[in-house]
Amino acid sequence: MALDAESLTQFTETVARFVRERLIPAESAVSTEDHIPRELIASMGELGLFGMTLPERFGGLDLNASEEVKVVFELCYAAPAFRGYLGANNGLGGRAILVGGSEEQQATYLPRIASGEILTAFALTEPESGSDAAALKTKATRQADGSWLLSGRKTYITHADCADLFIVVARSDPSSIGGKGVSVFLVPGDTPGIMRGKPERKMGQQGTHVAELSFNDCALPATALLGVEGRGFELTMQGIDRSRLHMGAICVGVARRLIDEALHYALERKQFGKPIADFQLVQAMLADSQAEMAAARALVIESAARCDAGENISMEASCCKMFASEMVGRVADRAVQIFGGAGYMQDSVVERLYRDVRVFRIYEGTTQIQQVTIAKHMIRRASARP
Ligand SMILES: Cc1cc2nc3c(=O)[nH]c(=O)nc-3n(C[C@H](O)[C@H](O)[C@H](O)COP(=O)(O)OP(=O)(O)OC[C@H]3O[C@@H](n4cnc5c(N)ncnc54)[C@H](O)[C@@H]3O)c2cc1C
């Protein structure tokens, strides 16, 4: 259900205030301590941010794509680790249960996912299957009584160290290859046989953890299967367009912050007797960043509107993810340049954001995978024309 314009404005203003009053002041400590304080997580839950896109009947805000991206523009004015913390609940995790879950699975999990009581992790990537996600080897073996045994290894899984519920993609038909014969399972974090790795030491986004995960003959009831057996890859891919739009919106949010930080610094910092903002070569960097951010923002808003209108936006979603993640990388690089030596120092906000944004070109499909996807759709559309 779409919010009326006034309610949406009120909500985005509330998020913007929360970002400036609570999240930004906490950023530096979150980064140094690699930990988001409980009270901030609780406040994000109270605002409804864990269930932004889930239906109201499950306690979510039921935002459509256009509303979601506007909220994310505001939320990601803060360090992206905060958004990363609630990413799987809103994204591939929560939405997989919404799309593929039985009434019982939805009723059991979605209200607690929307409130943030349950933290989810979406486990697809494996040591030998990253971009080629359909090559996954984690095995789900059906037992005579209909239950399952899950075995395998997952890598780089956000929240693997702390999730309450894993949404695991595994091969349920041992004779299958590629995306066929793959199913999705709901695996509570306290299931015997789960081994959680230690959080990896990442380049950026401290506060949100990534770790390895292994399943050693984890016994799962028949009811752990999400959606249709053997159709798990399609189920996973159903959420991917919306998720890539969301990624585009994150990049726009962080880019706005970087531009504001760079502009503010350029107005304050004096060289040759005047603010560096007076130098046209510095102005060029600011102007390029502003124009590129505005282009990404417009692309995300337009693609979200088409998504809400029921159009197939697979190509557009990949364009958003690719263009916006590359854009924010350039914007972050220019911000460091504008800060000069101060931008290279670890106590500088732009140094931290520069590291934070690098991953946007890697996860949820690398830039190269987006290029392949975009071109595939272009060729398919051209071939379909009479
Ligand atoms: C911080 C972080 C959090 C993550 N969180 C999760 C998570 O919660 N759940 C999850 O399941 N996964 C997660 N991932 C994994 C992420 O989705 C993968 O890292 C990503 O899909 C890339 O896979 P890979 O790392 O194996 O790289 P590879 O697939 O090995 O790619 C290496 C390089 O080869 C290029 N390449 C690969 N195939 C092609 C091709 N066909 N054409 C052109 N170039 C190609 C890639 O673009 C890249 O440049 C996370 C990763 C990170 C870094």
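Biologist: At what angle do helix 9 and helix 10 pack, and how far apart are their axes?

Modeller: This is a predicted model, so keep that in mind. Helix 9 covers residues 240-268 and helix 10 covers residues 280-308; they pack at about 155°, with axes 9 Å apart.

Biologist: How should I read that angle, as roughly parallel or roughly antiparallel?

Modeller: The cut-off to remember is that angles over 145 degrees count as roughly antiparallel. Helix 9 and helix 10 are therefore roughly antiparallel to each other. As for handedness, the crossing of helix 9 past helix 10 is left-handed. Sorted by class, their contact holds 16 nonpolar, four polar and four charged residues.

Biologist: Now the ligand. How many residues surround the ligand, and which are the closest?

Modeller: There are 19 around the ligand, and the closest are L124, G130, S131, T366 and Q368. By class, that shell splits into 12 nonpolar, six polar and one charged.

Biologist: Which helix and which strands each supply at least two residues of the shell?

Modeller: Strand 1 (120-123), strand 3 (148-158) and helix 13 (367-384) each do that. Going up to domains, the ligand lies between domain 2 (120-230) and domain 3 (239-384), because both give residues to the shell around the ligand.

Biologist: And the whole protein: how many helices and strands does it have?

Modeller: You'll find 13 helices and 10 strands. The radius of gyration is 21 Å, close to the 21 Å the globule rule gives for 386 residues, so the protein is as compact as a globular protein of that length. Its C-alpha trace spans about 80 × 55 × 45 Å along the principal axes.

Methods. Residues numbered from 1 in each chain as written. Predicted model: local features only at pLDDT ≥ 70, side-chain atom pairs only at ≥ 80, totals over all residues. Axes fitted to C-alpha atoms, helices over the stretch in contact; angles between N-to-C directions. Helix = DSSP H or I, 4+ residues; strand = E, 2+ residues; numbered from the N terminus. Parallel < 35°, antiparallel > 145°, perpendicular 65-115°, else oblique. Left-handed = near helix turned anticlockwise from the far one by under 90°. Nonpolar A, V, L, I, M, F, W, Y, C, P; charged D, E, K, R; others polar. Near = placed C-beta within 6 Å. Domains from an automatic or database assignment. Rg over C-alpha atoms; globule rule 2.2 N^0.38 Å.
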